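Me: I would like to go through this model and ask, for each label attached to it, what the label rests on. Please set the values against the cut-offs wherever a conclusion depends on them.

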Amino acid sequence: MTQKPQSLTVTLPTGEPVPALGQGTWRMGENPRQHAQEVAALQLGLDLGMSLVDTAEMYGDGGAEEVVAEAIKGRRDEVFLVTKVLPENASRRGTMAACERSLKRLQTDHVDLYLLHWRGSHPLEETLQAFQELERQGKIRHWGVSNLDVDDMEELTQLAGGDAVATNQVLYNLSRRGIEFDLVPWCRQRRIPIMAYSPIEQGRLLTHRGLRDVAKRHEATPAQIALAWALQTGSIVIPRARDEVHVRENRAALDIRLTAEDLAELDRAFPPPRGKRSLEML
Ligand SMILES: NC(=O)c1ccc[n+]([C@@H]2O[C@H](COP(=O)([O-])OP(=O)(O)OC[C@H]3O[C@@H](n4cnc5c(N)ncnc54)[C@H](OP(=O)(O)O)[C@@H]3O)[C@@H](O)[C@H]2O)c1
């Protein structure tokens, strides 16, 4: 059987392609001693084509956005930049102000995708109105959400303009497959891509026996198999790596094509859901 490479892009509902494999930044910008390493890791990832960068105002209290600013300096146009507003800031005015602060830390005049980090007490309608205003002002190019289950997505998409949601960023990896029962098909039907966060379960998947044999067959690491699997679901996948060896390994996961036999073996080790499970979050 011919081995097709993984698709390098995922298409947003607007038809815009974005890199399927990006880079996360949670826990970056917290420790000044790791600053240079974090900047270098992100820059290497960009050099290797992982040009979607996911950050948030929450990470390192704005520190991660500052790390990202340094990493993308002079190459903003190469990058599809994603950041997030915290739920407590997600009123109409609060979202506008949070976006301004993020733009300042990121040293840019726009983000490519702005997400509501998770649902809080502000009405979705208010956050949506702010997103629409920010879009009109050219400060964000797309907006989306994170950690929303089907009922919240239903509510969102019934609001005026709510069906323009570009993505739902959720916890999705081999050990967290609950969303395959309902959220994945719901999004697929509407061509809303899933952005899979913690794709290697923050490292906990690395020692899982279920990945060992498949990894051996591909002369790959467990992390690479976990990423190849997530990519093969058609999701946008955003591992975080500070270590340059990890960055290179992650990029190479794009070249792995899991066979039907591999997928069946992974299904046995990590069974897909048989019923509704509430959305899990980290
Ligand atoms: N929306 C949300 O609520 C939410 C929640 C969680 C995460 N996220 C986003 O998703 C991104 C990814 O999730 P995550 O950071 O939680 O976890 P993750 O990407 O699943 O795992 C990160 C951990 O795996 C290690 N790692 C990365 N590549 C590896 C490789 N090839 N081999 C071995 N170890 C490897 C990293 O080590 P090193 O750093 O030492 O290389 C780090 O310790 C976040 O950074 C963030 O941008 C979003």
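The exchange below takes up burial, salt bridges, the nonpolar core, cavities and pockets in turn.

Reply: One caution comes before the rest, which is that this is a predicted model, with local features requiring a pLDDT of at least 70.

Me: Why is His117 called buried?

Reply: Buried means under 20% relative accessible area, and His117 has a relative accessible area of 7%, so His117 counts as buried. His117 is placed in the loop between β5 (111–116) and α4 (124–136).

Me: Which residues are in contact with His117, leaving aside its neighbours within four places in sequence?

Reply: With those neighbours set aside, the contacts of His117 include Ala56, Met58 and Tyr59, then Lys84, Val85, Leu86 and Pro87, and also Ser146 and Asn147. Each of these counts as a contact because heavy atoms lie within 4.5 Å.

Me: What makes the pair Glu65 and Arg105 a salt bridge?

Reply: The criterion is a side-chain nitrogen of Lys or Arg within 4 Å of a carboxyl oxygen of Asp or Glu, and in this pair the closest N and O atoms are 2.7 Å apart, so the pair qualifies. Glu65 lies in helix α2 (residues 63–72) and Arg105 in helix α3 (residues 92–106), so this salt bridge ties together parts that are 40 residues apart in sequence. Both Glu65 and Arg105 are buried. The structure holds 24 salt bridges.

Me: How do you know that Asp112 and Arg141 form a salt bridge, and what burial class does each residue have?

Reply: The N to O distance between the side chains of Asp112 and Arg141 is 2.9 Å, and the cut-off is 4 Å, so the pair meets the definition. Asp112 lies in strand β5 and Arg141 in strand β6 (residues 140–146), so the salt bridge ties together parts that are 29 residues apart in sequence. Asp112 has a relative accessible area of 4% and is therefore buried, whereas Arg141, at 34%, counts as partly exposed, because that class covers values between 20% and 50%.

Me: What makes Glu280 and Arg176 a link between distant parts of the chain?

Reply: The side chains of Glu280 and Arg176 meet in a salt bridge at 3.0 Å, N to O. Glu280 is in the segment after α10 (260–269) and Arg176 in the loop between β7 (168–171) and α6, 104 residues apart. Glu280, at 32% relative accessibility, counts as partly exposed, while Arg176, at 17%, counts as buried because buried means under 20%. Elsewhere, salt bridges that share partners join Glu16, Arg76, Asp112 and Arg141 into one network.

Me: Which residues have the most contacts inside the largest nonpolar core?

Reply: The largest nonpolar core has 91 residues, and those with the most contacts inside it are Tyr114, Met153, Leu183, Ile225 and Leu266. Helix α8 (residues 222–232) gives the largest share of this core, 8 residues. Tyr114 touches, among others beyond four places in sequence, Thr83, Lys84, Val85, Phe131, Leu134 and Trp143.

Me: What makes a space a cavity, and which residues line the largest cavity?

Reply: A space is called a cavity because a 1.4 Å probe fits there but cannot get out. The structure holds 3 cavities of 30 Å³ or more, and the largest has a volume of about 70 Å³. Its lining consists of Asp149, Leu171, Arg176, Gly178, Ile179, Arg277, Ser278, Leu279 and Glu280, which divide into 3 nonpolar, 2 polar and 4 charged. Both partners of the salt bridge between Glu280 and Arg176 thus appear in this lining.

Me: Which residues lie nearest the centre of the largest pocket, and how does its lining divide?

Reply: The largest pocket holds about 640 Å³ of space and is lined by 33 residues, of which Trp26, Ser198, Pro199, Gln202 and Arg240 lie nearest its centre. The elements that give two or more residues to this lining are α8 and α9 (244–252), and the largest share, 3 residues, comes from α9. The lining residues divide into 14 nonpolar, 12 polar and 7 charged. The second largest pocket has a volume of about 200 Å³, and the largest share of its lining, 3 residues, comes from helix α6 (residues 183–189).

Methods
Residues are numbered from 1 along each chain as its sequence is written. This is a predicted model: local features need pLDDT of at least 70, side-chain atom pairs count only at pLDDT 80 or more; totals for chains, interfaces and linings use all residues. Side-chain values use heavy atoms; hydrogens and water are left out. Helices (H or I, at least four residues) and strands (E, at least two) are DSSP runs, numbered from the N terminus. Buried means under 20% relative accessible area, exposed over 50%, partly exposed in between (1.4 Å probe, protein chains only). On a 1 Å grid over the protein atoms alone, a cavity is a set of points where a 1.4 Å probe fits but cannot get out, and a pocket is an open set with protein on both sides within 12 Å along at least five of seven lines; lining residues have an atom within 4 Å of a point. Grid points are joined across faces, edges and corners, and a volume is the space filled by probe spheres set on the points. Ala, Val, Leu, Ile, Met, Phe, Trp, Tyr, Cys and Pro count as nonpolar, Asp, Glu, Lys and Arg as charged, and the others, Gly among them, as polar. A nonpolar core is a set of buried Ala, Val, Leu, Ile, Met, Phe, Trp, Tyr and Cys residues joined through side-chain atoms within 4.5 Å.
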